Amino acid sequence: MVPLRSVDRLRSFLDVSRARSMLQTVFLQRRYDMRKAGDIQKFLTQIAYDVAYRSDMFDAVRRHPLHQEIKRYGTLAIPGLFNEIRRHPHVVMACLHAITGVNPIPNEHAGVVQYMIEDWLSWGRKEGHVR
């Protein structure tokens with residue numbers, strides 16, 4: 001067996017270090033995403049509680065500080081929002097609209113919450129956010 005030269009040992013070490021670093025990055029990103037998903041659930045519940053029974057619900061949601069926090073998550077928040085769309089539809093739709101800039105709801109569905117949810121889910125499937 002031929003002994004490894006210093007250069008070969010260094011390359012081997014760097015490859016292992018790079019692989020370890022990549023694994024740590026993936027693990028930390030997943031853990032971070034899971035934490036965000038938990039945050040999003042809590043934020044949506046709190047927003048829904050705070051704006052319940054408001055006549056200007058959509059505007060109240062948009063002005064809520066936690067809505068601003070969800071917007072800061074950007075597209076990373078979208079899967080978590082779709083998971084919660086049936087529990088807090090008005091809040092989730094306001095957040096999705098703020099993040100994506102899209103309104104997939106046709107005029108004839110406006111005001112019918114079940115149709116509005118289905119329109120957003122259809123858009124999410126088309127864009128690859130929902131399976």
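Helices (H or I, at least four residues) and strands (E, at least two) are taken as DSSP runs, numbered from the N terminus. On that basis the chain comes out with six helices and zero strands, so the element order simply reads α-α-α-α-α-α from the N terminus on. Residues are numbered from 1 along each chain as its sequence is written. This is a predicted model, where local features need pLDDT of at least 70, side-chain atom pairs count only at pLDDT 80 or more, totals for chains, interfaces and linings use all residues, and side-chain values use heavy atoms, with hydrogens and water left out.

As for confidence, pLDDT (the predictor's confidence in each residue, from 0 to 100) has a mean of 81 over the chain, with 72% of residues at 70 or more. Helix α6 (residues 113-127) has the highest mean, 95, and helix α1 (residues 6-51) the lowest, 66. Over residues 27-32 the pLDDT drops below 50, and this stretch makes zero contacts (heavy atoms within 4.5 Å) beyond near neighbours in sequence.

Turning to packing, 30% of the 131 residues are buried (under 20% relative accessible area; exposed is over 50%, partly exposed in between, with a 1.4 Å probe and protein chains only). Of the contacts between residues at least 6 apart in sequence, 50% link residues at least 24 apart. The accessible surface adds up to about 9200 Å², 56% of it from carbon and sulfur atoms.

Pro 79 sits in helix α4 (residues 78-83). With a relative accessible area of 41%, Pro 79 counts as partly exposed. His 129 lies 50 residues away from Pro 79 in sequence, yet their C-alpha atoms are 6.0 Å apart in space.

Key
Accessible areas come from the Shrake-Rupley method with a 1.4 Å probe; for residues, only the protein chains shown count as cover.
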